[in-house]
Structures are given as structure tokens and as C-alpha cells.
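What follows is a guided reading of one protein chain, moving from the pairing of its strands to the space enclosed inside it and then to some details of its backbone. Please keep the structure open beside the text.

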Amino acid sequence: RAVAMSVSHSSRLNKLVREQYMRLPQDGRVQVTYVWIDGSGEGVRCKSRTLEKEPKSIEDVPEWNFDGSSTAQAEGSNSDMFLVPVCMFRDPFCLDPNKLVLCEVLKYNRKPAETNLRHTCKKVMDLVRDSHPWFGMEQEYTLLGINGHPYGWPDNGFPGPQGPYYCGVGADKVYGRDIVESHYKACLYAGVKICGTNAEVMPSQWEFQVGPCEGIEMGDHLWMARFILHRVCEDFGVVATLDPKPMTGNWNGAGCHTNYSTEEMRREGGLKHIEAAIEKLSKRHHYHICVYDPRGGRDNSRRLTGHHETSNIFEFSAGVANRGASIRIPRQVGQDGYGYFEDRRPAANCDPYAVTEAIMRTTVLNETGVETKDYADH
């Protein structure tokens, strides 16, 4: 007996009919899809417009606006928000010459919207550019049916315990690989710096990695990778959630482990610089926990329990090859004496701009305490 999977109605539309229209010529004009972060700090929105010719750089894409009262970013009486293009990608859904454009959101007075965390991140990255910070972020996510239940799980029960699913192969071990591989190819086409993917410990949970990216590029590429993921899932009729603990109980949560190095860490003898950075992080644990999820640590408190390959949210720890620590130094780095380290604290739904900015403030700009400095006048 066929089992009816919980997928959206729109995913059942005839995609061959759509392809007939997608093949039509555009007579030189270009569809540009503007993408931005909404008032939740987690969701992405998009809308499209026509340009008369293909933009060759981000400067060729004009500013636009949207109704912020419908995205929890403005009041209805003063609702227009500015979309300022900052990073352009190829469009894997409408294909060349069409574009996806990531935007910053500014309010009516040209000040950054509350969830526009890119604005201050860019200032910090400009300040520390001589240290050449490289980042790689590991985005975990969980596939859900349209009913909110993990995709592929029994309707009235649970799959077998964790163990065979991580990097698994086989119809009884992984669910939704078509989505994962489609997302991978779409990111490669778009120019997103995706560098890998794997099935995760909980069934229906997956991970993709983006990087190495330098400075502000990390947040730009991860946010676009997230947009593409949600858009691919829309086509397949399922939902990708970045909830840090989508299933309570004896199931792994979802993080966004952040790998980081500066130029001096990557050189011979760099381990001492890695250890110095970790020492600085150890004295600012509370500040980092507060910015590593959109709710000041409340989301991460469900995930960082000290179990399921996590550290305890209340304690800072570091170790070589230790996946139960706040900071992990890879074994190879410990042997070589240089390289990078991994901050395992960021939640899956973190804002990568906030995470990378915080790391730079602490390890390079030598900030301490829970307050941050305003570098606007420097």
C-alpha cells in the first residue's frame, strides 16, 4: 500500500508544463530576484523585477523597496524599506542570464533595520581585513513534511535509535537525498562557496558546509545558501527547519559549527595564536552565547546540554578532537602546529554575520565583557 507523504500541494503541480515556459527567450531582458532577511532575523523574503540588460556587477543593480509592515520590519503608516544590493549570484531556478541579489535592509531614515546585522559586521571586517580572517560554517538542518513531522519518519512513532544515519546510505537510513543533491548543484551553479554535504546523526537531518570565505563573504554566501535551500525545498514540497532542537528527547540538535583562522594562525607556529584566541574566547563566553542564536541564547539552551555532541551552555571548554567541547582544535592542527579551530556553539538558526563579527571583536579587536564598541567614528 502506497504511503501518502506529507508534501505541499504546489509541489504536485506539473513541472513539465513549467519547463515549457522556462525555455522561452527573454529578448535580452533579465529577471533579478532580490533576497533579504525579514524581521524575525531567521526568515528570508524575495521579490523579482525586470532589468533591461544583464547586470555585470552589483553596482548595476538598482536599489528597490518593499512593504516592511508585512515582514515585521515597519509600521503600516511608514512602511517603505530600502533594499540595498550587496552581493550577486547566478539564478539556478530561472538560469542565466537571470540573477539572485542579496540585499541589506535600511529603514526610511537610511539606518539599518534591526535584523540587518550585516551593517556592523561589514564595519568590523573592514577594520580587521589585514588579519585575513577565513571562515567555514557547517549548516545543519532538518527536513520536515508540510505537517511539521520529520520527513520520512513513521506517522505514529519514531525511527530506530541514532547510529546508522550519520553519513548513511540506503533507503532505510537517509531521507530526502534528492533535495540535498539538488541544493548542492544549485549552489555550485549560483556561485555560492558550498564545499560539502553529508547526512547527519538524526534521521532526516542533513548538513552542508560553506567556505572558506574571507570576512563579510561568509555571511553573504551562507545566507544565499539558506535561501536556495528553502527554495529547493519549496519545489519538492517539504520544509527545511533550522530549529536547534527540532525533536526533544534522545535526538541530536542542529548547530552551525564555525571554523575560523587568521593569517597568523595558518602559518608555521600558528598554534600559539590559536591558543591565544581561545583564551580570549574563554573570558567572553556569555557574550558569545547571547549572539549565537536569534533569541539571546534561549534557542541554544535547548541544544547545548552537554549531551549529543555538545558542550554545556553554562561552561566554556576547549580540546583537541573533542566534540563535547565549546571549541575543538582538529587533531591534524594539533599535530601540524598551525591551521584553524572550530567554535561548536553557534546554533543552526544563528545569523552568520553576528557570529563572525563576535569572533573578530573578541579575538582580533580584543574586546572584553558583554558590551561592544561602536567603531562608526574610527
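Two strands are taken to pair here if DSSP finds at least two bridges between them. With that criterion, this predicted model contains an open sheet of five strands, arranged in the order E2-E1-E5-E4-E3 and with mixed pairing. Strand E2 (44-51) and strand E3 (64-67) stand at the edges, and because each has a single partner strand, one side of each is left without a neighbour in the sheet. From one strand to the next, the twist averages 40°.

The individual pairings can be followed across this order. Strand E1, which covers residues 30-37, is joined to E2 by eight bridges, and the two run antiparallel; within this pair, Trp36 stands opposite Arg45 in E2. At the other edge, E3 pairs with strand E4 (residues 80-90) in the antiparallel sense over four bridges, and here Trp64 is found opposite Leu83 in E4. Strand E4 is in turn paired with E5, again in the antiparallel sense, over eight bridges, with Glu104 in E5 as the bridge partner of Val84. When inspecting such positions, it is useful to recall that in a regular strand the side chains alternate between the two faces of the sheet.

An annotation covers this part of the sequence: an unreviewed UniProt entry places the feature "domain: GS beta-grasp" at residues 30-110. Over residues 30-110 the model is 0% helix and 48% strand, and the C-alpha atoms at the two ends of the stretch are 28 Å apart.

How many cavities of 30 Å³ or more does the model hold? The count comes to one cavity of 30 Å³ or more, and the space in the largest cavity is about 110 Å³. The largest cavity is lined by 14 residues, of which Ile37, Cys103, Glu104, Val105 and Asn116 are the closest to its centre. Strand E5 (residues 99-106) gives the most to this lining, contributing four residues. In character, the lining of the largest cavity divides into nine nonpolar, three polar and two charged residues. Glu104 therefore appears in two settings, as the bridge partner of Val84 and among the residues closest to the centre of the largest cavity.

Some backbone details also deserve attention. Most residues other than glycine have a negative phi, and most peptide bonds are trans. Against that background, Asp96 and Pro97 are joined by a cis peptide bond with omega of about 5°, and Pro97 lies in the loop between E4 and E5. A further cis peptide bond leads from Gly211 to Pro212, with omega near -5°; Pro212 is found in strand E8, which spans residues 205-214. Asp27, although it is not a glycine, has a positive phi of about 55°, and its place is in the loop between helix H1 (15-22) and E1.

Finally, consider the chain as a whole, which has 10 helices and 13 strands. Its radius of gyration is 21 Å, close to the 21 Å that the globule rule gives for 378 residues, so the chain is as compact as a globular protein of that length. Taken along the principal axes, the C-alpha atoms of the chain fill a box of roughly 60 × 60 × 40 Å.

Note on methods:
Residues are numbered from 1 along each chain as its sequence is written. This is a predicted model: local features need pLDDT of at least 70, side-chain atom pairs count only at pLDDT 80 or more; totals for chains, interfaces and linings use all residues. Side-chain values use heavy atoms; hydrogens and water are left out. On a 1 Å grid over the protein atoms alone, a cavity is a set of points where a 1.4 Å probe fits but cannot get out, and a pocket is an open set with protein on both sides within 12 Å along at least five of seven lines; lining residues have an atom within 4 Å of a point. Grid points are joined across faces, edges and corners, and a volume is the space filled by probe spheres set on the points. Ala, Val, Leu, Ile, Met, Phe, Trp, Tyr, Cys and Pro count as nonpolar, Asp, Glu, Lys and Arg as charged, and the others, Gly among them, as polar. UniProt positions are given in the numbering used here, feature names are shortened, and annotations may be inferred rather than shown by experiment. Axes are lines fitted to C-alpha atoms, for helices over the stretch in contact, and angles run from 0 to 180 degrees between N-to-C directions. The radius of gyration is taken over C-alpha atoms; the globule rule is 2.2 Å times the number of residues to the power 0.38.
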